[in-house]
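Visitor: I am new to this structure and should be grateful for a guided reading. May I put some questions once it is in view?

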Amino acid sequence: MDCIDVYYSPKQVSCPDSSSPSPRKPALVVANWIEQGLPIHIVEPLPTSRDQIALAHSHEYVDGILNCELMNGFRGRQRDVADSLPWTCGSLLSAARGALNNGLVTCSPTSGFHHAGYETGYGYCTFNGLMVTALALKLEGKVQRVGILDCDQHYGDGTAEIMAVLNIDWIRLVSQEHWSPTDAEPFIDQLPQVVRSFADCDLLIYQAGSDPHINDPLGGFLTTNELAVRDRIVFSVAKSIGIPVVWNLAGGYQEPLARVLEIHRNTMLACVAEYG
Ligand SMILES: [Zn+2]
């Protein structure tokens, strides 16, 4: 691949008054990658419809959020947050389609999915784009089994809850509750086997969170270099077993934000090194 496809629209950005940089991060990350001359190709995503979002959430919750009647994951009812949500979910879904088409990898510069449950938002997350993506692709017959490797520092409780509510057994979720070494050495040692455990899936959704960083205020136990090693292992093992990967950003709360941007840039560099 000459370039890595990045599914980005400015419409996926919002600016709620929040301690989390995540809703602003897509624009900052993409600008940083372009500024640094990384070989990326921006692809305009399609927004998800209300019905697609409601594959993973109750219709009442979806309508309440998009109509700004219910509290979103930022504990507010901001119009710009509501308007961005079909585009954040749409970025991941569009990127996932791209990965299935090219058989290798794509990127969705998104965060704020995995704490969102069937009818609740929490922890900067409103809609669960991971589950919306998996369910939309399953409904279209594009996938039989989907893997979610959630390497954010925190448990994807919303993802697990939606899987339980909808009685889903065709998604393999590995998140902090399932596998949570707290030292770098066992994490790095065990990671190849964890990635290989997704071999029977048609698509791997990889949350390349930057909040497992040892200096993250909400993390963590890995250095910047160890996070880069993590990314290289995920991409190289996934490629060796032939599973397409769509990856996104997930959490990261260090200040200044340049530290978070460095970690996400390293993920893209690892992606380029493996697939470029
Ligand atoms: Zn997190």
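Visitor: At what angle do helix 1 and helix 9 pack, and are they roughly parallel or oblique to each other?
Guide: In this predicted model, helix 1 covers residues 25-35 and helix 9 covers residues 258-275, and their axes lie 10 Å apart. The packing angle is about 60°. An angle under 35 degrees would count as roughly parallel, and one from 65 to 115 as roughly perpendicular. The two helices are therefore oblique to each other.

Visitor: Which residues of helix 9 are met by helix 1, and how many residues of that contact are nonpolar?
Guide: From helix 1, the residues L28, V29, N32 and W33 take part. Their partners in helix 9 are L261, H264, R265 and M268. By class, the contact includes 2 polar and 1 charged residues, and the nonpolar count is 5.

Visitor: How far apart are the axes of helix 7 and helix 8, and are these helices roughly parallel or oblique?
Guide: Helix 7 spans residues 184-196 and helix 8 spans residues 224-240; their axes are 9 Å apart. They pack at an angle of about 15°. Angles under 35 degrees count as roughly parallel. Helix 7 is therefore, with respect to helix 8, roughly parallel.

Visitor: How many charged residues does the contact of helix 7 with helix 8 contain?
Guide: Helix 7 contributes A184, I188, L191, P192, V195 and R196, which meet E226, V229, R230, I233, V234, V237 and A238 in helix 8. The contact has 10 nonpolar residues and no polar ones, and its charged residues number 3.

Visitor: Is W87 buried or exposed?
Guide: W87 belongs to helix 4, residues 79-102. Beyond its neighbours within four places in sequence, W87 is in contact with S9, K11, Q12, P45 and P47. A residue with 20 or more other C-beta atoms within 10 Å counts as buried. Because W87 has 23 such atoms, the residue is buried.

Visitor: Is E69 buried or exposed?
Guide: E69 sits in the loop between helix 3 and helix 4. The limit for an exposed residue is 12 or fewer C-beta neighbours. E69 has 11 inside 10 Å, and therefore counts as exposed.

Visitor: Which residue in the loop between helix 3 and helix 4 has a positive phi near 60°?
Guide: Most residues other than glycine have a negative phi. The residue in question is not glycine, yet its phi is positive. It is partly exposed, with 16 other C-beta atoms within 10 Å. Its name is C68.

Visitor: Is Y124 buried or exposed, and what is its phi?
Guide: Y124 lies in the loop between strand 3 (105-107) and helix 5 (129-139). With 24 C-beta neighbours inside 10 Å, Y124 counts as buried. Its phi is positive, although Y124 is not glycine, with a value near 70°.

Visitor: Which residue is joined to E255 by a cis peptide bond?
Guide: Most peptide bonds are trans. The bond from E255 has omega of about -5° and is cis. The partner is placed in the loop between strand 7 (245-248) and helix 9. That residue is P256.

Visitor: What is the radius of gyration of the protein chain?
Guide: The chain contains 9 helices and 7 strands, and its C-alpha trace spans about 45 × 40 × 35 Å along the principal axes. For 276 residues, a compact globule would have a radius of gyration near 19 Å. The value for the chain agrees with this, being 17 Å.

Technical notes. Residues numbered from 1 in each chain as written. Predicted model: local features only at pLDDT ≥ 70, side-chain atom pairs only at ≥ 80, totals over all residues. Helix = DSSP H or I, 4+ residues; strand = E, 2+ residues; numbered from the N terminus. Rg over C-alpha atoms; globule rule 2.2 N^0.38 Å. Axes fitted to C-alpha atoms, helices over the stretch in contact; angles between N-to-C directions. Parallel < 35°, antiparallel > 145°, perpendicular 65-115°, else oblique. Contact = placed C-beta atoms within 7 Å. Nonpolar A, V, L, I, M, F, W, Y, C, P; charged D, E, K, R; others polar.
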